[in-house]
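Here are some exercises to work through with the model open beside you. Try each task before you read its solution.

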Amino acid sequence: MSNYFYVSPEQLIKDRAEFAQKGIARGRSLVAAIYDQGVVLVAENPSASLNKISEIYDRIAFAGAGKYNEFDRLREAGIRWADSTGYTYSREDVDARALANYYAQHLGDMFTEGQKPLEVEILVAQLGNKLRPTKLYRVAYEGTISDEPRFAVLGGDAETIKERFAQSEDSLQSLTVTLRNASSALSGPDRVIPTEELEVGILEDRGNRRTFVRLTDEQVKELLS
Amino acid sequence: MGLPLFSAHADPGPSFWHYADGAGIAPSSATHHDDTPHATTVIAVRYDEGVVMVGDRQATGNYIASRDVRKIEPADHFTALAISGSAARGIELLKIAQLSFEHYEKMTDSALSLEGKANYLSPIIQRNNLTSPLLVLPLLAGWDDSHRVGRIFEYDGAGGCYERFDFATIGSGSPFAEGALRLGFRSDLDREGALELGALALYEAGDNDPSTGGPDFVRNIFPMMITVSASGFQEIAGPEVGERFRLINERRTESRGVAGGSLR
């Protein structure tokens with residue numbers, strides 16, 4: 001039989017936050033940024049098949065940092081939610097803000113009530129059109145949702161990377177420039193991330209309904225050269 | 001609609017249909033039968049570099065309900081899906097198919113094989129046709145990118161899926177279209193030959209079956225013609241289709257309606 005000791009709510013939340021932060025810090029970071037034609041998501045990812053970036057819907061993309069199995073389940077739930085919402089109502093009724101809110105609620109619930117908090121951070125990106133603006137929603141492990149104005153950084157080293165990226169870019173740039181800035185913000189001054197270890201996805205209007213494209217290693221190499 | 005999270009043992013995986021069915025989103029079966037619009041002729045013909053599909057545009061209830069229905073739609077970039085039977089259920093099936101193939105692709109980051117897509121529809125058709133009088137019979141044709149060949153799959157009323165290596169037809173005008181196809185089909189057809197044969201077979205069906213709409217020169221509405229090849233689903237533009245049917249019509253006028261000769 002186990003004994004329960006009193007733990008103050010402050011202490012409990014502090015412990016849980018520390019636990020989640022540690023878990024997230026073990027993974028590599030990612031940058032999402034708005035550029036003049038769309039949104040680019042850049043993740044440092046040594047694996048070519050266990051993706052951190054994914055298409056959710058016609059104009060919505062997903063990125064996750066932290067524990068792969070945990071954010072991938074959320075990614076799948078997001079695709080299911082988007083496809084069934086579009087099926088029930090209409091494709092134009094699928095809104096990134098609603099999805100980001102669901103993620104925030106779930107992460108918040110898991111943080112306070114779960115066996116353990118989820119060790120993930122989530123980004124929901126939306127490419128704007130006549131109906132909706134271009135948006136980057138960042139959802140933290142405890143359910144805090146923030147609407148990031150131009151770019152967002154997820155993962156362990158977020159603060160440093162954020163500073164580096166903010167310094168290199170103070171207005172909307174082309175895809176090439178934004179990708180370069182994101183890549184060097186992720187790597188820092190002392191190293192270069194090989195292009196095979198960069199996972200890049202973009203949301204851009206090219207006349208198709210689906211705006212998400214995953215860039216190949218060759219395309220990334222060409223843009224960075 | 002909350003966030004659809006599942007534990008590992010209850011997870012529906014990348015199948016949209018199984019998820020939607022379990023969540024009660026997909027339509028349930030009907031037991032009452034109204035005379036809702038139906039009837040069709042759609043033809044699929046294989047050629048050396050893909051498949052051709054030709055479909056009429058008419059929806060028929062007790063009278064002509066619509067003259068410009070699109071019965072062939074891209075289910076995805078490499079797959080064409082045509083419907084016959086209940087219009088409502090057919091459109092529903094199209095929607096489910098389009099959504100499911102895309103859903104699978106997003107969930108797994110890889111596309112279903114053409115055979116996988118054809119098999120996926122079997123239980124959906126079976127469920128519909130065995131529990132509802134609103135029957136639906138689709139025809140699936142596409143480009144099999146891994147085997148570099150065009151392929152055609154037809155279904156029976158119980159959802160059985162059969163691959164056809166020459167041509168296939170669905171709808172009430174099938175017997176007439178089938179006759180023309182049997183006479184005209186060769187295993188070495190090229191794209192042009194397949195388009196010509198498909199148009200002729202549909203003309204025959206429209207000429208003989210009251211529920212199949214032939215070329216409508218008064219309203220300038222013509223059957224749909226599409227190809228699926230290595231470059232994907234392509235719809236033939238209206239003026240080109242109109243020209244094909246105009247030529248057939250002229251030949252038929254010359255022969256005073258006699259269909260014989262060297263496949264007029």
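## Exercise 1: Two residues with positive phi

Asn220(B) is exposed, as 10 other C-beta atoms lie within 10 Å. The coordinates come from a predicted model, so please keep that in mind throughout.

**Task.** Where does Asn220(B) sit in chain B, and what is its phi near?

**Solution.** Start with the place: Asn220(B) belongs to the loop between helix 5 (191–208) and strand 11 (224–229) of chain B. Next, look at the backbone: phi of Asn220(B) is near 60°, which is positive although the residue is not glycine.

**Task.** Find the loop that holds Asp109(B), then decide how Asp109(B) is classed by its C-beta neighbours.

**Solution.** First, Asp109(B) lies in the loop between helix 2 and helix 3 (114–131) of chain B. Its phi is also a positive value in a residue other than glycine, near 60°. Now count neighbours: Asp109(B) has 14 C-beta neighbours inside 10 Å. A residue is exposed at 12 or fewer and buried at 20 or more, so Asp109(B) counts as partly exposed.

## Exercise 2: A helix pair in chain A

**Task.** Describe how helix 2 and helix 3 of chain A cross, and name the residues that make the contact.

**Solution.** Two quantities describe a packed pair of helices: the angle between the axes and the distance between them.

1. The axes of helix 2 (residues 68–88) and helix 3 (residues 96–113) of chain A come within 11 Å and cross at roughly 140°.
2. Angles over 145 degrees would count as roughly antiparallel, so helix 2 of chain A is oblique to helix 3 of chain A.
3. For the handedness, helix 2 of chain A passes helix 3 of chain A in a right-handed crossing.
4. On the side of helix 2 of chain A, the contact is made by Leu74(A), Gly78(A), Trp81(A) and Ala82(A); helix 3 of chain A brings Leu99(A), Tyr102(A) and Tyr103(A).
5. Sorted by class, this contact has six nonpolar, one polar and no charged residues.

## Exercise 3: Fold and compactness of each chain

**Task.** How does the radius of gyration of chain B compare with the globule rule?

**Solution.** Begin with the inventory: chain B has six helices and twelve strands. For its 264 residues the globule rule gives 18 Å, and the radius of gyration is 19 Å, so chain B is as compact as a globular protein of that length. The C-alpha trace of chain B spans about 70 × 45 × 30 Å along its principal axes. Of the 264 residues, 47% are buried.

**Task.** Now do the same for chain A: what radius of gyration does it have?

**Solution.** Chain A contains six helices and ten strands. A compact globule with 225 residues would have a radius of gyration near 17 Å, and the 18 Å of chain A agrees with that. Along the principal axes, the C-alpha trace of chain A spans about 60 × 50 × 30 Å. Buried residues account for 44% of the 225 in chain A.

## Exercise 4: Where the chains meet

**Task.** How many residues of chain B are in contact with chain A, and which helix of chain B gives the most?

**Solution.** Count the partners: 15 residues of chain B are in contact with 16 residues of chain A. Then assign them to elements: helix 1 (16–22) and helix 2 (87–108) of chain B each supply at least two residues of the side that touches chain A. Helix 2 of chain B gives the most, with four residues. Finally, by class, this side of chain B has eleven nonpolar, two polar and two charged residues.

Key
Residues are numbered from 1 along each chain as its sequence is written. Chains are lettered from A and ligands numbered from 1 in the order in which they are written. This is a predicted model: local features need pLDDT of at least 70, side-chain atom pairs count only at pLDDT 80 or more; totals for chains, interfaces and linings use all residues. Two residues are in contact if their C-beta atoms, placed from the backbone, lie within 7 Å. Ala, Val, Leu, Ile, Met, Phe, Trp, Tyr, Cys and Pro count as nonpolar, Asp, Glu, Lys and Arg as charged, and the others, Gly among them, as polar. Axes are lines fitted to C-alpha atoms, for helices over the stretch in contact, and angles run from 0 to 180 degrees between N-to-C directions. Angles under 35 degrees count as roughly parallel, over 145 as roughly antiparallel, 65 to 115 as roughly perpendicular and the rest as oblique. A crossing is left-handed if the near helix is turned anticlockwise from the far one by less than a right angle, and right-handed if clockwise. The radius of gyration is taken over C-alpha atoms; the globule rule is 2.2 Å times the number of residues to the power 0.38.
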